[in-house]
Amino acid sequence: MASTVIGAGITIEGEIVTDEDVLVEGTVRGKLSAKESVTVASGGIVEADVEGSSFAIAGAVTGNISANDRVDLQGGAKVVGNVRAARITIADGAQFKGNVDMDV
Amino acid sequence: MAQASRSRTSAQSGEAARIGGGTRVRGNVTGEGDLLIDGNVEGTIRLDGDVTISGEGSATSDVAAHNVSVSGSLEGDVEATGAVRLGGTAKVRGNLRGASIVIDDGAKFTGRIDCEFDLPAELSGSAARR
């Protein structure tokens with residue numbers, strides 16, 4: 001199945017519910033609920049509580065992240081919020097403020 | 001036609017915006033660039049670029065954009081600075097406004113059309129008094 005792309009110039013305010021991959025290069029405000037992987041590209045802005053299976057974040061996320069599988073904060077990522085995931089990586093250069101809950 | 005508009009997008013803004021088939025958006029979509037809707041959108045859509053609702057796509061939205069092309073279903077008003085095209089599989093309920101409007105054979109449409117154009121010579125002779 002093909003994925004959903006929120007392009008660089010696009011802002012969505014509201015709720016996104018999907019069972020596909022999501023790539024955010026623009027701005028999402030509200031709520032994002034995905035069943036598959038969520039990628040926030042460098043320059044992408046998410047001001048929302050997000051849930052999904054796995055996250056790769058290089059952009060800015062303000063809100064709580066809940067992943068069924070894993071969260072990868074890449075260099076340049078800026079995350080303010082709580083992260084709940086079984087596995088998490090925070091790369092050198094990523095900024096993170098919040099709590100981590102690894103369900104142990 | 002969809003291909004042509006998509007290649008224009010990638011030249012413009014890098015990655016084309018797309019609401020995939022398994023995606024539902026409830027809220028407002030605004031910004032620059034083109035948008036392809038294969039999924040479902042509920043809320044206003046206001047873009048500088050082109051909006052395409054594919055055969056699988058549906059929207060309950062007022063749409064303001066440059067070119068608007070609908071092959072799926074749309075409930076809401078369309079205000080285009082460019083062309084509006086309802087494909088043969090389109091199902092549209094709402095008012096259309098644009099610089100040019102095309103409704104293909106097979107399209108279902110309920111609403112008003114507001115489109116300014118010059119009447120052909122044989123009609124303008126009797127309609128426009130000199």
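Here is a short walk through this structure, from the make-up of chain A to its core and its surface. The model is predicted, so local features need pLDDT of at least 70 and side-chain atom pairs count only at pLDDT 80 or more, while totals for chains, interfaces and linings use all residues. Residues are numbered from 1 along each chain as its sequence is written, chains are lettered from A in the order in which they are written, and side-chain values use heavy atoms, with hydrogens and water left out.

Let's start with chain A, which has 0 helices and 13 strands (DSSP runs, H or I of at least four residues for helices and E of at least two for strands, numbered from the N terminus). Of its 104 residues, 43% are buried, meaning under 20% relative accessible area with a 1.4 Å probe, protein chains only.

Now look inside. The largest nonpolar core (buried Ala, Val, Leu, Ile, Met, Phe, Trp, Tyr and Cys residues joined through side-chain atoms within 4.5 Å) has 50 residues, and I57(A), I65(A) and I45(B) have the most contacts inside it. Strand β6 of chain A, residues 45–57, gives the most to this core, with 5 residues. Take I65(A): beyond its neighbours within four places in sequence, its contacts (heavy atoms within 4.5 Å) include V50(A), F55(A), I57(A) and V71(A).

What about V100(A)? This residue sits in strand β13, residues 100–101 of chain A. V100(A) counts as partly exposed because its relative accessibility is 39%, and partly exposed covers the range between under 20% and over 50%.
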